[in-house]
Amino acid sequence: MLHDCRVTLSRYWDSIQTRLFPALEEELGPLPATHQCLVRTLDMVRIEDFTPDCWGCPWRPARDRCAIGRAFIAKAVLNLPTTRALLNRLEADPALRRLCGWE
């Protein structure tokens, strides 16, 4: 059973390396190692599956909750100490903004 899981995971990583990264680099340009790590993490976590869609709720602002979730995952992966550091990084790094889901 453990061997089967390792083989499946190995195929999964090969798929990321051979399909996902070239497509992203074509769109965003060369990705640094930190961004590649973030992409791998986001692809494994799939936060979209766990984040409810709250568009149009009158008591909440209309924000993309998945993008916010991806940004906080980026905060952890990039080892940013504060939310302010995350916001500053998002302002300065267009590729990171796109990876998190903001144009």
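This is a short walk through one predicted model, from the overall fold down to single residues.

Let me begin with the chain as a whole. It contains 5 helices and 0 strands. Going along the sequence, the pattern reads α-α-α-α-α. There are 103 residues in the chain, and 29% of them count as buried. As for contacts, take those between residues at least 6 apart in sequence: 51% of them join residues at least 24 apart.

Now to the helices, starting with H2 and H3. Helix H2 covers residues 33-45, and helix H3 covers residues 65-77. Their axes are 10 Å apart, and the two pack at an angle of about 130°. Angles of 65 to 115 degrees count as roughly perpendicular and those over 145 as roughly antiparallel, so H2 and H3 are described as oblique to each other. The crossing of H2 past H3 is right-handed.

Which residues meet there? From H2 they are Thr34, Cys37, Leu38, Thr41, Leu42 and Val45, and from H3 they are Arg70, Ile73, Ala74 and Val77. Sorted by class, this contact of H2 with H3 has 7 nonpolar, 2 polar and 1 charged residues.

H3 also packs with H4, which spans residues 83-92. The axes of H3 and H4 cross at roughly 105° and come within 10 Å. That angle makes H3 and H4 roughly perpendicular to each other. On the H3 side the contact uses Ala71, Phe72 and Lys75, and on the H4 side Thr83, Leu86 and Leu90. The classes in this contact of H3 with H4 are 4 nonpolar, 1 polar and 1 charged.

One of those residues, Leu90, is worth following further. Leu90 sits in helix H4. With a relative accessible area of 8%, Leu90 is buried, because the limit for buried is under 20%. Setting aside neighbours within four places in sequence, Leu90 touches Ala71, Leu96, Arg97, Cys100 and Trp102. Ala71 is the H3 residue we just met in the contact with H4. There is also a distance to note here: Leu90 and Ala74 are 16 residues apart along the chain, and their C-alpha atoms are separated by 9.7 Å. Ala74 was listed a moment ago in the contact of H3 with H2.

Next, His35, which is found in helix H2. Is His35 buried or exposed? His35 is buried, at a relative accessible area of 3%. Leaving out neighbours within four places in sequence, the contacts of His35 are Arg89, Asp93, Ala95, Leu96 and Leu99. Leu96 appears in this list, and Leu96 is also among the contacts of Leu90.

Back in H3, there is a glycine, Gly69. Gly69 has 14% relative accessibility and so counts as buried. Gly69 and Glu48 lie 21 residues apart in sequence, and from C-alpha to C-alpha they are 8.7 Å apart in space.

Now the cysteines. A disulfide is a covalent bond between the sulfur atoms of two cysteines. How many disulfides does the model have? The count comes to 0 disulfides, the rule being a pair of cysteine sulfur atoms within 2.5 Å. Two cysteines have come up in this talk. Cys37, from the contact between H2 and H3, is partly exposed, with a relative accessible area of 34%. Cys100, a contact of Leu90, is buried at 0% relative accessibility.

Last, two residues in loops. Most residues other than glycine have a negative phi. Arg46 is not a glycine, yet its phi is positive, about 50°. Arg46 lies in the loop between H2 and H3. Its relative accessible area is 43%, and Arg46 is therefore partly exposed. Asn79 is likewise not a glycine and has a positive phi, of about 60°. Asn79 belongs to the loop between H3 and H4. At a relative accessible area of 68%, Asn79 is exposed, since the limit for exposed is over 50%.

To recap, the chain has 5 helices and 0 strands. H3 packs obliquely with H2 and roughly perpendicular to H4. His35 in H2 and Leu90 in H4 are residues to find on the screen: His35 is buried, and Leu90 is buried. That is the end of the talk.

Note on methods
Residues numbered from 1 in each chain as written. Predicted model: local features only at pLDDT ≥ 70, side-chain atom pairs only at ≥ 80, totals over all residues. Heavy atoms only, no water. Axes fitted to C-alpha atoms, helices over the stretch in contact; angles between N-to-C directions. Helix = DSSP H or I, 4+ residues; strand = E, 2+ residues; numbered from the N terminus. Parallel < 35°, antiparallel > 145°, perpendicular 65-115°, else oblique. Left-handed = near helix turned anticlockwise from the far one by under 90°. Contact = heavy atoms within 4.5 Å. Nonpolar A, V, L, I, M, F, W, Y, C, P; charged D, E, K, R; others polar. Buried < 20%, exposed > 50% of the residue type's maximum accessible area, 1.4 Å probe, protein only.
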